[in-house]
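Colleague: I should like to go through this model with you, residue by residue and element by element. Please state the criteria behind each term as it arises.

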Amino acid sequence: MTLDELLDNQRGVLSSRQALAHVSKGQLQRLTPPGGRWQRPLPLVVVTHNGPLTAEQQRWAAVLYAGPRAALSHHTSATLDGLQRYADELVHVTVPHSSSAQSQSFVRVHRARCAPDECDDVHPLHQPPRMRLPRALVEMARAARSLDDARGPLAAAVQQGLVRVADLRDLLCRVGPMPREASL
């Protein structure tokens, strides 16, 4: 894929590795801060302008930062799939348990025993990669601080016609034990 195609597909966001496949290390250093036209919003990620990032660019940056097996998840994925009233300013990504990625500025990193790409929970067509809605909802429930916070997005998604109760029940059984599972 050419640099222009990659930039178009990823909305002007590249991992450092992708950038170095198309420009020399010296060129990359000249293009990035201080004084360059590009920016580094996260470690190992470059954006080909120095202005504010769009929401889509933040999502690309988060996934590229978190690594090749990362996927948008939780509130981020659920909102992109149409869940209303549960948007979050942070970009949520899930990575394999063994990943070294850490939460940064606008990115909240979650770890999963079964990485999304291993469990068939990443939608095959969406870019950047993101969890399918049932898994995103279950992960929101898993991370919730209270039973009400866990039930809220699950009930809202069913009420909004985005997911079936049977799909959530099947996924809860598949992903293994979690807090408040019996109540959910």
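Colleague: Is Ser-73 buried or exposed, and at what relative accessibility?

Modeller: The model is predicted, residues are numbered from 1 along each chain as its sequence is written, and local features need pLDDT of at least 70, side-chain atom pairs count only at pLDDT 80 or more, while totals for chains, interfaces and linings use all residues. Side-chain values use heavy atoms, with hydrogens and water left out. Buried means under 20% relative accessible area, exposed over 50%, and partly exposed in between, with a 1.4 Å probe and protein chains only. Ser-73 therefore counts as buried, its relative accessibility being 0%.

Colleague: Where is Ser-73 found, and which residues does Ser-73 touch?

Modeller: Helices (H or I, at least four residues) and strands (E, at least two) are DSSP runs, numbered from the N terminus. Ser-73 is found in the loop between β4 and α5 (74–80). Contact means heavy atoms within 4.5 Å. Not counting residues up to four places away in sequence, Ser-73 touches His-92, Val-93, Thr-94, His-110 and Met-131.

Colleague: In what order do β4, β5 and β6 form their sheet?

Modeller: Two strands pair if DSSP finds at least two bridges between them. Strand β4 (residues 71–72) runs antiparallel to β5 and is joined to it by two bridges, with Val-93 as the partner of Leu-72. β5 and strand β6 (residues 107–112) pair in the parallel sense over six bridges, where Arg-108 is the bridge partner of His-92. The pairing is thus mixed, and the three strands form an open sheet in the order β4-β5-β6.

Colleague: Which strands stand at the edges of this sheet, and what angle does helix α4 make with β5?

Modeller: Each edge strand has a single partner, so one side of each is left without a neighbour in the sheet; these strands are β4 and β6. Helix α4 (residues 55–66) packs on the sheet and touches β4, β5 and β6. Axes are lines fitted to C-alpha atoms, for helices over the stretch in contact, and angles run from 0 to 180 degrees between N-to-C directions. On that basis, the direction of α4 makes with that of β5 an angle of about 20°.

Colleague: How many residues of strand β5 are buried?

Modeller: Strand β5 covers residues 91–96. The strand is largely enclosed by the rest of the structure, because the buried residues number six of the six.

Colleague: What is the order of the strands in the sheet that holds β1, and what is its average twist?

Modeller: Three strands form this open, antiparallel sheet in the order β1-β3-β2. The edge strands β1 (13–15) and β2 (39–42) each pair on one side only. From one strand to the next, the twist averages 35°.

Colleague: Which residue in β3 stands opposite Val-13?

Modeller: Strand β3 (residues 45–47) and β1 pair in the antiparallel sense over three bridges. In β3, the residue opposite Val-13 is Val-47.

Colleague: Within what arc do the buried residues of α8 fall, and against which helices do they pack?

Modeller: In α8, Leu-168, Leu-171, Leu-172 and Val-175 are buried. Seen down the helix axis, with the arc being that of the directions from this axis to the C-beta atoms, they fall within 105°, so they line one face of α8. The face turned away from the buried side carries the exposed residues Asp-170 and Cys-173. The buried residues of α8 pack against α6 (133–143) and α7 (147–159).

Colleague: At what angle do the axes of α6 and α8 cross?

Modeller: In α6, Pro-134, Arg-135, Leu-137, Val-138 and Arg-142 meet Leu-168, Leu-171, Leu-172 and Val-175 in α8. The axes of α6 and α8 come within 10 Å and cross at roughly 65°.

Colleague: Where is the confidence of the protein chain lowest, and where is it highest?

Modeller: pLDDT is the predictor's confidence in each residue, from 0 to 100. The mean for the protein chain is 91, and 93% of its residues reach 70 or more. Confidence is lowest in helix α8 (residues 165–175), at a mean of 85, and highest, at 98, in α4.
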